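Please read the points below with the model open beside you. They are notes for someone meeting this structure for the first time.

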Amino acid sequence: MKKRMTAVLLLAVLLCSTVLSGCVTARPEGEDSGKNITVAISSDTGTMDPAGSIALTYLAYSVSALDELLTYGEDGEIEYRAAKSYEVNEDATVWTFHLREDAQWSDGSPVTSGDFLNTITRALDPASGSGYANYLFPIENAEAIYNGEADMSALGVETPDDYTLIFRLSEPCVYFLDLLRLPVYTPSCAEYADSVDSGWDKDPETSLANGPFRLAEYVPEQYFVLEKNEYYWNADAVNLDTITYRFFDDTQSMANAYEAGEVDVATSLSSTVMEAYEGQEDLYVADQIATRYIYMNLNVTPLNDVRVREALNLAINREELCRIVGSDTEPTYNLVAKYMTDRSTGEYFVDGAAQPFEENVQRAQELLAEAGYPNGEGFPELTYYYPTLEMDSDTAQVIQEQLKENLNITINLEAQELQANYSTRYSGNFDLCRMNWTADFADPYTYLSMLLSNSTYNCSGINDPEYDDIVEQSNSESDPVKRAELLHQAEQLAVGEQFYIIPLFAMKSVNLVSPDITGIRQIPASGALEYRYADTNA
């Protein structure tokens with residue numbers, strides 16, 4: 001695809017750095033025929049099995065290749081996809097979905113209720129490694145099955161016929177429809193999707209799709225190609241013939257590739273790109289519904305002391321951090337994303353309550369002394385694990401310097417490849433570990449649930465019955481005002497009293513998009529870009 005706009009300043013910088021960043025792999029053979037776009041994304045991570053341990057690769061794939069039952073559009077209205085309708089009983093514990101009878105997998109076979117059940121049952125096997133399994137726990141007996149305390153036959157999911165799917169919940173869940181966009185609620189073809197380690201998910205012959213595009217080619221650590229699914233029920237609305245996703249190790253290489261015309265879209269770039277392309281139509285900046293923060297391992301001394309955790313939080317100067325890291329960041333003191341909107345008010349959710357805490361170096365020093373470490377004396381050296389991404393490397397160095405200056409403590413830095421960092425966090429084998437969470441659905445629960453005692457994303461040993469109880473109360477509270485109060489109360493307890501995490505900053509999503517491309521949409525829940533109905537004039 002032809003590129004139209006070029007940033008002169010960035011061009012000079014990028015051309016000088018090309019030798020250091022490495023060359024771009026040639027486009028796959030045959031890619032130039034038809035309507036095609038190429039998207040630059042971060043390096044290859046995780047499985048593409050919705051029941052497995054998913055990461056960036058799955059997220060890029062699924063938005064174009066998989067249809068969930070339903071989702072919410074940019075206007076806030078329900079957009080039916082795999083389902084054509086649903087009904088719910090009076091107390092919101094029985095949800096019945098009627099599937100499209102014209103929905104087909106990319107091999108022409110029908111998409112059935114059993115395919116949805118296939119993902120759910122596999123995700124409830126801990127061996128699958130799904131980080132989203134706990135979002136199935138509202139379903140009757142799902143948590144007990146996951147914990148090995150009940151048989152799968154007790155699961156509150158029924159498939160009375162191929163086109164009816166019934167969920168029976170143990171208690172009302174007011175955000176249940178929001179959960180349906182999560183991987184564990186999407187279908188996987190029961191004929192091929194047998195386990196997370198059999199390789200079916202990256203083999204075009206077995207990795208079937210029920211969405212607008214299907215997997216045509218997967219080359220590990222280089223790229224994967226999606227081609228239009230001729231069997232898609234809404235194929236007439238799909239304009240592109242292929243979408244190629246290319247893997248890059250760093251944002252500099254992604255920007256280089258865009259500038260050279262090797263890719264048509266480059267996502268999640270650095271703030272320097274935002275500055276260089278200011279005022280040009282290539283630049284696409286949006287609020288990212290995400291929070292960058294640090295997990296503290298409560299099983300590690302002295303992080304099991306709330307005074308130490310509070311001291312670490314109060315000693316970090318987030319304004320200074322953001323000035324150094326980039327203009328696409330903004331300080332945050334919450335776990336819930338700064339730019340997440342409260343549907344009941346239309347305002348940002350975090351603005352509905354007081355800030356959980358304020359920075360105060362003097363108080364931080366007092367707390368550390370109270371915990372037995374005056375002026376940092378006797379404080380053990382802790383290690384901070386983070387991905388080898390430019391933003392995270394800069395962040396780590398600033399935090400290391402600030403904690404040394406303000407508390408006289410030593411934080412060792414351990415940079416890891418992204419997948420290795422995920423593994424370190426999941427295993428709980430860390431002192432401090434970087435965490436970034438982009439909302440999976442448009443509700444604060446997507447954040448607060450991660451600190452629950454039974455959460456599969458609770459990697460730091462948090463076990464707080466009071467917190468669990470408040471969040472559980474919010475699940476069934478139908479009054480939006482009362483529910484918001486409970487959610488704010490839970491966040492205040494976790495972030496402003498127990499200091500289970502160290503929130504750092506919110507981010508803007510900085511992207512470069514060829515002006516020839518139209519129809520790109522932004523997913524309301526996460527702020528990510530969606531290409532399923534995109535078109536090109538090139």
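1. Tyr293 of strand 13 has Met435 in strand 17 as its bridge partner. Strands 13 and 17 run antiparallel and are joined by seven bridges; two strands pair if DSSP finds at least two bridges between them. Helices (H or I, at least four residues) and strands (E, at least two) are DSSP runs, numbered from the N terminus. This is a predicted model, in which local features need pLDDT of at least 70 and side-chain atom pairs count only at pLDDT 80 or more, while totals for chains, interfaces and linings use all residues. Residues are numbered from 1 along each chain as its sequence is written, and side-chain values use heavy atoms, with hydrogens and water left out.

2. Strand 13 (residues 290-296) also pairs with strand 18 (residues 501-513), in the antiparallel sense and over four bridges. There, Tyr295 has Ile501 as its bridge partner. Seven of the seven residues of strand 13 are buried, where buried means under 20% relative accessible area, exposed over 50% and partly exposed in between (1.4 Å probe, protein chains only). In a regular strand the side chains alternate between the two faces of the sheet. Here Ala290, Arg292, Ile294 and Met296 point one way, Thr291, Tyr293 and Tyr295 point the other way, and all are buried.

3. After strand 13, the loop leading to helix 8 (306-314) contains Pro302. The peptide bond between Thr301 and Pro302 is cis, with omega about 10°.

4. How many aromatic pairs does a search of the whole structure find? The search gives 30. Rings of Phe, Tyr and Trp (its six-membered ring) pair if their centres lie within 6.5 Å; planes under 30 degrees apart count as stacked, over 60 as edge-to-face and the rest as tilted. Tyr333 and Phe357 are an edge-to-face pair, because their ring centres are 5.5 Å apart and their planes meet at 80°. Both residues are in the loop between strand 14 (329-331) and helix 10 (361-370), 24 residues apart. Tyr333 and Phe357 are both buried.

5. Trp437 and Tyr457 are also edge-to-face, at 4.7 Å centre to centre and 65° between the planes. Trp437 is in strand 17 (residues 432-438) and Tyr457 in the loop between helix 13 (445-448) and helix 14 (465-476), so the pair ties together parts 20 residues apart in sequence. Both are buried, and both belong to an aromatic cluster that includes Tyr132, Tyr135 and Phe441.

6. Two arginines lie over ring faces, which requires NZ of Lys or CZ of Arg within 6 Å of the ring centre and within 35 degrees of the ring normal. Arg100 is over Trp233, at 3.5 Å from the ring centre. Arg343 is over Tyr72, at 4.4 Å from the ring centre.

7. The largest nonpolar core has 150 residues, and Phe97, Phe167, Phe176, Tyr185, Phe224 and Tyr531 touch the most other members. Such a core is a set of buried Ala, Val, Leu, Ile, Met, Phe, Trp, Tyr and Cys residues joined through side-chain atoms within 4.5 Å. Leaving aside neighbours within four places in sequence, Phe176 is in contact (heavy atoms within 4.5 Å) with Trp95, Phe97, Phe167, Leu169 and Tyr185. A second, separate core of 15 residues includes Ala40, Ala255, Met274 and Ala276.

8. Helix 2 (residues 56-65) has eight of its 10 residues buried. These pack against strand 1 (36-42), strand 8 (213-219), strand 9 (223-228), strand 10 (242-248) and strand 21 (529-530). In the loop between strands 8 and 9, Glu221 has a positive phi of about 65° although it is not a glycine. Glu221 counts as exposed because its relative accessibility is 68%.

9. The structure holds zero disulfides, a disulfide being a pair of cysteine sulfur atoms within 2.5 Å. Why is Cys322 not bonded to Cys433? The sulfur of Cys433 is the closest to that of Cys322, but at 20 Å it is too far for a bond. For Cys433, the nearest cysteine sulfur is that of Cys459, 7.8 Å away. Cys433 counts as buried, at 0% relative accessibility.
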